[in-house]
Amino acid sequence: MSQLSWRSFEHRLPKLAERTIRRYVETSPHYRGKAPAHLHQHMAHTVREFGRMFSRAAREGNEPREDELELFRQRGRERGAEGLPVGEFVHAYLLVAEEMWAEVDDLSGGSPPDGAAAVLLKCTHRVMNAAVQAHQKEFQTADHEQREAARALVRRLAAGESIPEPADVRLAPAYGVLALRFAVDPADSVGDAVGRHLAGQRKVRLLLQHLRRELSGDVLAALDPDGGLLLLPSGSDNAEAVLDEARLAVPRAHQTTGVEITGAFAHAAELSEIPAAVAEAERLLRLNSVPDTVAVLADHLFEYQLNHDSAATPQLRALAARLDGEPDLTTTLRTYFETDFNRRETARKLHVHPNTVDNRLSRIANLTGADPRTAKGLLLLGASLGLTG
């Protein structure tokens with residue numbers, strides 16, 4: 001291609017930019033075929049500068065200069081700050097490269113000069129590398145700020161602080177509070193402090209991504225690698241529907257991510273009730289030892305009531321502690337409660353003789369001072385087991 005032909009190429013860049021923009025908006029779900037004014041202004045300028053850089057590099061037989069890449073870094077920072085997905089960003093640059101090569105092919109009559117394709121590939125590589133790195137850095141910063149703002153909002157709502165309506169979040173009239181506990185992942189303890197931090201952040205991001213996919217509305221999240229809180233938007237009268245959704249989301253997120261999740265739920269019929277609902281959900285979560293389930297108050301009335309500390313709490317805990325060295329006795333006692341104090345059914349479940357159950361109940365009475373064959377003893381021992389889970 002002659003020097004004049006490269007000048008012709010540059011002369012065609014404005015029309016090339018318009019064609020690229022049309023192709024982009026036709027294929028992008030974010031614009032639905034209509035290019036806003038700012039897209040014409042910024043994208044057209046970017047396309048023209050990309051074309052001029054390619055033309056110069058092809059004429060001189062060298063690579064893009066560092067100073068020529070700064071515009072593309074700036075465009076990357078701008079799109080990243082706006083939240084444009086990196087896939088969309090890459091797609092736009094590839095369209096530019098396709099249109100430029102089509103222009104070269106047309107101007108050369110189907111016989112592009114030797115080396116032109118290699119120069120275009122090198123330019124595209126350098127431009128996209130610079131732009132995408134800048135985009136990702138800005139996008140991650142914006143994403144981090146957004147997540148931290150959401151965490152701060154959850155904390156303030158949980159603390160009952162009076163807050164103005166956030167500019168970027170429309171608060172629901174009511175919320176379901178979902179308290180979560182995540183099991184330890186092997187990656188949580190691998191590598192140095194930085195590696196563990198990154199593993200923890202990946203874990204949180206992955207879990208939140210899948211939980212949000214299963215839950216409706218603008219969920220507010222304050223999660224750490226070991227768990228945290230989700231506020232699920234609700235009305236004042238649809239607590240059951242929100243709970244049903246949470247009960248489905250927790251095991252599905254576990255199945256998808258491989259991270260074991262345990263949950264607890266309470267409902268705040270209005271924003272002012274969120275602190276009480278958070279306290280209820282967090283206390284229920286401590287009582288819930290069954291992964292893939294979401295505990296609610298109705299299922300744990302006895303244990304929940306017992307878990308309000310009083311002067312009697314230490315002594316009730318001490319009853320169960322006296323059986324710590326006797327796992328057979330503890331298992332027998334729990335099974336005895338589970339079978340509604342049926343000694344034969346207890347023996348059957350434990351695969352022992354009923355007389356063995358009687359002997360173990362006597363030993364429990366001797367060790368604890370509370371006889372499980374009496375009403376008072378049953379109440380004391382039940383309260384003790386309720387406190388120790």
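A salt bridge is here a side-chain nitrogen of Lys or Arg within 4 Å of a carboxyl oxygen of Asp or Glu, and helices are DSSP runs of at least four residues, numbered from the N terminus. The model is predicted.

**Salt bridges**

Across the whole structure, 28 salt bridges are found. Side chains of opposite charge can pair when their charged atoms come close. Three of the pairs are set out below with the separation of the closest N and O atoms.

| Arg | Glu | Closest N and O atoms |
|---|---|---|
| Arg-19 | Glu-99 | 3.1 Å |
| Arg-23 | Glu-99 | 3.0 Å |
| Arg-75 | Glu-78 | 3.3 Å |

Glu-99 pairs with Arg-19 at 3.1 Å. This contact links distant parts of the chain, since Glu-99 belongs to helix 5 (residues 86–107) and Arg-19 to helix 2 (residues 13–27), 80 residues apart. Glu-99 also forms a salt bridge with Arg-23; that pair again joins helix 5 to helix 2, across 76 residues. Glu-99 counts as buried because its relative accessibility is 10% and the limit for buried is under 20%. Arg-19 is partly exposed, with a relative accessible area of 28%, and Arg-23 is partly exposed at 30%.

These three residues are part of a salt-bridge network that also includes Arg-12, Glu-98, Glu-103 and Asp-106.

The bridge between Arg-75 and Glu-78 lies within one element: both residues are in helix 4 (residues 66–82), 3 residues apart, or about one turn of the helix. Arg-75 is buried, its relative accessible area being 9%. Glu-78, at 21% relative accessibility, is partly exposed, because buried requires a value under 20%.

**The sheet and the helices on it**

Five strands make up an open sheet of mixed pairing, in the order 2-3-1-4-5. Strand 2 (220–224) and strand 5 (294–295) stand at the edges; each has a single partner strand, so one side of each lacks a neighbour in the sheet. Strand 5 runs parallel to strand 4 (residues 261–268) and is joined to strand 4 by 2 bridges. Gly-263 stands opposite Val-294 of strand 5.

Helix 9 (residues 274–287) packs on the sheet, where it touches strand 1, strand 3, strand 4 and strand 5; the direction of helix 9 makes about 150° with that of strand 4. Helix 8 (residues 239–257) lies across strand 1 (174–182), strand 3 (227–234), strand 4 and strand 5, and runs at about 165° to strand 4.

Notes:
Residues numbered from 1 in each chain as written. Predicted model: local features only at pLDDT ≥ 70, side-chain atom pairs only at ≥ 80, totals over all residues. Heavy atoms only, no water. Buried < 20%, exposed > 50% of the residue type's maximum accessible area, 1.4 Å probe, protein only. Pairing = 2+ DSSP bridges. Contact = heavy atoms within 4.5 Å. Axes fitted to C-alpha atoms, helices over the stretch in contact; angles between N-to-C directions.
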